Amino acid sequence: MNAQTRIPVTNLQHHVFYVTDLERSKAFYIKLFDLQFSALNHPDSSAAMRLSQQEMHFFSFGFHHHDICLVKHHKLKMDNNSMLHFALTVKDAKAFDEVRSRARDMGLSIREGRMLASARPVSRAFCVRDPDKHWIEIIEEPSR
């Protein structure tokens with residue numbers, strides 16, 4: 001049997017998911033993570049979005065044009081329970097404590113630890129839910 005060469009993926013470049021209320025979700029992600037709004041729809045997909053009756057809001061942590069994209073489909077009811085969670089890594093204890101403080105100030109219920117008990121150990125982690133009940137795992141993982 002031939003062993004395949006491992007693909008050297010360095011990170012997840014962006015995450016796209018459906019939301020039920022764009023303005024509510026936009027306010028949530030900006031407040032919790034201080035995201036920058038980068039675009040409404042995208043020049044490459046604007047016509048397709050209008051035709052499929054979807055609207056996209058792009059946000060950036062400052063790494064790429066968009067790191068998170070929130071999508072609202074105006075005709076379909078989305079099953080948001082199909083996504084288990086997504087995880088975000090912060091670079092140090094100060095950033096971790098700042099996100100936790102913002103979550104607490106927003107009145108979010110904080111679940112301590114990793115999303116999955118079998119996940120590899122990290123310095124610290126907690127989970128919160130966004131307005132559409134998507135789980136977000138926040139991990140403190142200092143640069144190696």
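Analyst: Let's begin with one term: a contact means heavy atoms within 4.5 Å. Keep in mind, too, that this is a predicted model.

User: Thanks! With that term in hand, which residues does S25 touch, not counting residues up to four places away in sequence?

Analyst: Leaving out residues up to four places away in sequence, S25 touches V19, L70, P131 and D132. S25 itself is found in helix α1, residues 22-33.

User: Is S25 buried or exposed?

Analyst: The cut-off to know is that buried means under 20% relative accessible area. S25 counts as buried because its relative accessibility is 0%.

User: Could we step back to the whole chain? How many helices and strands are there?

Analyst: The protein chain has three helices and eight strands. Reading from the N terminus on, the elements run β-α-β-α-β-β-β-α-β-β-β. Of its 144 residues, 39% count as buried. If you take the contacts with a separation of 6 or more, 55% of them come from residues 24 or more positions apart.

User: Back to α1, then. How do I read the faces of a helix?

Analyst: Here is the general idea: an α-helix has 3.6 residues a turn, so residues three or four places apart point the same way. Now the case here. In α1, the buried residues are L22, S25, K26, F28, Y29, L32 and F33. Seen down the axis of α1, these buried residues fall within an arc of 165 degrees, so they line one face of the helix. E23 and K31, on the other side of α1, are exposed.

User: What span does α1 reach from its first C-alpha to its last?

Analyst: α1 has twelve residues and reaches 16 Å between those atoms, close to the 16 Å expected at 1.5 Å a residue.

User: I can see several rings in that helix. How many aromatic pairs does the structure hold?

Analyst: It holds seven aromatic pairs. To read a pair, look at the angle between the ring planes: under 30 degrees counts as stacked, over 60 as edge-to-face. The rings of F28 and Y29 have centres 5.0 Å apart and planes at 80 degrees, so this pair is edge-to-face. Y29 and F33 also form a pair, and that one is stacked, with 6.3 Å centre to centre and 25 degrees between the planes. Y29 and F33 are both in α1, four residues apart, which is about one turn of the helix.

User: How buried are these rings? What is the relative accessible area of F33, for example?

Analyst: F33 has a value of 12% and is buried. F28 is buried at 7%, and Y29 counts as buried at 0%. The three residues also belong to one aromatic cluster, formed by F17, F28, Y29, F33, F61 and F86.

User: F86 is outside α1. Which strand holds F86, and how do I read the faces of a strand?

Analyst: The general idea first: in a regular strand the side chains alternate between the two faces of the sheet. In strand β5, residues 85-90, the covered face has F86, L88 and V90, while the uncovered face has H85, A87 and T89. β5 runs parallel to strand β8, residues 135-140, and six bridges join the two. In that pairing, V90 stands opposite E140 in β8.

User: Can charged side chains go with rings too? Which ring does K26 lie over?

Analyst: K26 lies over the face of F37, at 4.1 Å from the ring centre. F37 is in strand β2 and is partly exposed, with a relative accessible area of 37%. Not counting residues up to four places away in sequence, F37 touches K26, H57, F58 and F59. Elsewhere, the charged end of R111 sits over the ring of W135, 5.5 Å from its centre.

User: One last feature: how do I read phi?

Analyst: In general, most residues other than glycine have a negative phi. Here, D34 has a positive phi, near 55 degrees. D34 is in the loop between α1 and β2, and with a relative accessible area of 53% this residue is exposed. K133, also not a glycine, has a positive phi of about 70 degrees, and its place is in the loop between β7 and β8.

Definitions and conventions: Residues are numbered from 1 along each chain as its sequence is written. Side-chain values use heavy atoms; hydrogens and water are left out. Buried means under 20% relative accessible area, exposed over 50%, partly exposed in between (1.4 Å probe, protein chains only). Rings of Phe, Tyr and Trp (its six-membered ring) pair if their centres lie within 6.5 Å; planes under 30 degrees apart count as stacked, over 60 as edge-to-face and the rest as tilted. A charge sits over a ring if NZ of Lys or CZ of Arg is within 6 Å of the ring centre and within 35 degrees of the ring normal. Two strands pair if DSSP finds at least two bridges between them. The expected span of a helix is 1.5 Å times one less than its number of residues. The arc is that of the directions from the helix axis to the C-beta atoms.
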